[in-house]
Amino acid sequence: MSPLPASLTRAERILAVATCALVTHWIFNRREPSDIRVLFALVFVAPAVVSQLLFPLYGTVAGIFLSFFVYYTTLLVSIIIYRVSPFHPLARYPGPLLAKITRWYWTLIALRGRQHVETLRLFGMYGDAIRVGPNEVWFRNPAVVQPMLGVQGMPKGPMWQGRGLNPSIMSLIGLRDNASHARRRRPWTRAFSSAALRNYEPVIARRGAQFVELLAEKKRVDFGHWVHLFAFDFMSDALFGGGSESMKDNDADGVVETSKRAFSDAQLYEHLPWVGFLVRHLPGVGAKTKQFRASCLRRGLERLEKGSSVKDLFYWLSNEDGGEKEDPPKAIVISDSGVAIIAGSDTTSITLTNLVYCIIAHPQVYERLQAEIDKFCPTEQDAFDPKHLGEMRYLGAVISETMRIYPVLPNGTQRAPEPGTGGFVAGEHFIPEWTSIRVPLWSMHRDARNFTLPLAFAPERWLVAADLPAPPSVIDSVIATSGLVHNAGAYAPFSYGPRNCVGKNLALLEMKLVVSHMLQRVHLRFAEGFDPSTWEEGIQERFNLVLPELPVIVERRM
Ligand code: HEM
């Protein structure tokens, strides 16, 4: 006897297939499954199973075909109607219609590297909150920074499930549970305490000197390329106590380039986590990501075997200081090492490249910075000695201004309500579970309500804001008529709160020392043929900024 009821009419059978599709939509809606096996079951197995209802009327082949047709059409229509309906929990947030319907809309913008530009445009069109995906809202309003990212704020969002090299061993940056994140972050905090930072100073000095000498010898360089190699070698020393000589051999083994590509490729997986799953499991796909993962693993294992001779970052992460009751599993230490290498090298090298672009493009700023460096780091003085850094206010202002105009992570990172809580309330906003938010830094930093003449590169604004004597600048006439607008709460290049950038102090120390030494030793100017007005247009966003070539002529000063 057939297990299927023979008495069902044609309409009832088709309705049963459609109902199955509606149940699938309900599951997608409630659970947002990203596991490829669950997706496979819902997308292929379910319509195949219910197609049996249609066999008696249409035969096997036509029955299967019709079942899939009805199932997918119902699923699609139901999803579209729900996503644009007033019943969707994010219905109150405006945004492009297609963005509300499908994640693909924003993914395609991201793949073109234009998220930062498009975000700014959409905020201009719709106001301070925009829906960029069916389940994601981005806020430009600084008032949400503290409640959403601060101590009582939301955990990290699900984007790292897709981006992560191995989501089952999530690295610090993607750990979603606030308590686990706080626990994992403790050794990092010890590693970058004021006392521990002193251990990295000789490393910055050695690698920084090598970098500047290399620039001087080469005379004409793509600054972004060489500063990335410097930052990578520095981070390898700071993390593993050595192991990379990419400046010396111009990245002969391609590890630096691979890390860069792996990071860019991950942008697709961030938006479509199931693609990340496929890449991780299909041989021959995502080669760059896998190569980088393998190189981190190899170097981490080598470092574990070697033990510590200096207090490098690995020393703290692997609990060689004994700060934690239990040693962390090796896999976690190695996973976090991978993050340290990328988070610590891409970011500083991008900022330093933008800084060099900005100062050469603004000769008066260059002159002032040079004068301050010459004052505190005259020829006979070691510019890697940090004793004057606190007094070098203009240098600090130039770095802050560079990161205001060009925040390395232009759209910040994602936050989402803790699973099981139902949602998160921040003032007038309710963020339901299974939805995510971001606070795009590029847009917030370039908002005239937060900063006077936001598109002007004017380090002097930081001095005026701190009530320090400031030389004249391009924003003076506006300040004279309407006062300085300088909203410190709207500036967050390192993100905000207990899940912000843990390497901030190391990054600032490294950048300040390297710029001081570099400008003490060499003079930089754009190479002939380079058109500075094309710089910003050439910048792409691939989670972090990807910069165009910056050809620079280097002349020795001493
Ligand atoms: C200019 C330099 C840098 C910038 C602009 C920067 C920016 C950021 C940002 C925006 C985040 C995301 C935080 C969030 O999810 O809210 C982050 C996370 C992180 N950064 Fe940095 N970063 C820089 C340098 C460094 C350096 C030198 C290190 C050293 C290893 C580092 C290590 C990390 C780590 C480990 C995280 C994850 C922190 C966590 O989730 O608790 N960063 N960074």
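## Iron ligand site and overall fold

The ligand's iron atom takes a single donor from the protein: C501, through SG, at 2.3 Å. This is a predicted model. C501 sits in a loop, with α23 (476-482) and α24 (504-521) on either side.

What surrounds the ligand? The shell holds 29 residues. The closest are K156, T413, R415, S495 and C501. C501 is thus listed among the closest residues and also supplies the iron donor.

Three contacts reach oxygen atoms of the ligand. Two use polar side-chain atoms, from R185 and T413. R499 contributes a backbone N or O atom instead.

| Residue | Protein atom | Ligand atom | Distance |
|---|---|---|---|
| R185 | polar side-chain atom | oxygen | 2.8 Å |
| T413 | polar side-chain atom | oxygen | 2.6 Å |
| R499 | backbone N or O atom | oxygen | 3.2 Å |

Which elements give two or more residues to the shell around the ligand? They are α10 (178-191), α18 (330-361) and α24. The largest share, 7 residues, comes from α18. α24 also bounds the loop that carries C501.

The composition of the shell is mixed. By class, 16 of its residues are nonpolar, 9 are polar and 4 are charged.

Now the N-terminal part of the chain. The UniProt record, an unreviewed entry, places the feature "transmembrane region" at residues 36-55 and 61-82. How much helix does the model show over residues 36-55? That span is 80% helix and 0% strand. Its end C-alpha atoms lie 28 Å apart. Residues 61-82 are 100% helix and 0% strand. Here the end C-alpha atoms are 32 Å apart.

The last topic is the chain as a whole. It has 25 helices and 10 strands. Along its principal axes, the C-alpha trace spans about 95 × 65 × 50 Å. What radius of gyration does the chain have? The value is 27 Å. A compact globule of 558 residues would have a value near 24 Å, so the chain agrees with that expectation. Of the 558 residues in the chain, 54% are buried.

In brief, the iron atom has one protein donor, C501, and the loop holding C501 lies between α23 and α24. Around the ligand, α18 gives the largest share of the shell. R185, T413 and R499 each place an atom by a ligand oxygen, at the distances tabulated above.

Conventions: Residues are numbered from 1 along each chain as its sequence is written. This is a predicted model: local features need pLDDT of at least 70, side-chain atom pairs count only at pLDDT 80 or more; totals for chains, interfaces and linings use all residues. Side-chain values use heavy atoms; hydrogens and water are left out. Donors are N, O and S atoms within 2.8 Å of the metal (3.2 Å for Na, K and Ca); water is not among the atoms, so sites may look incomplete. Helices (H or I, at least four residues) and strands (E, at least two) are DSSP runs, numbered from the N terminus. UniProt positions are given in the numbering used here, feature names are shortened, and annotations may be inferred rather than shown by experiment. A residue is near a molecule or strand if one of its heavy atoms lies within 4 Å of it. A polar contact is a pair of N or O atoms within 3.5 Å; within protein, one must be able to donate a hydrogen and the other to accept it, and residues adjacent in sequence count only if both atoms are side-chain atoms. Ala, Val, Leu, Ile, Met, Phe, Trp, Tyr, Cys and Pro count as nonpolar, Asp, Glu, Lys and Arg as charged, and the others, Gly among them, as polar. The radius of gyration is taken over C-alpha atoms; the globule rule is 2.2 Å times the number of residues to the power 0.38. Buried means under 20% relative accessible area, exposed over 50%, partly exposed in between (1.4 Å probe, protein chains only).
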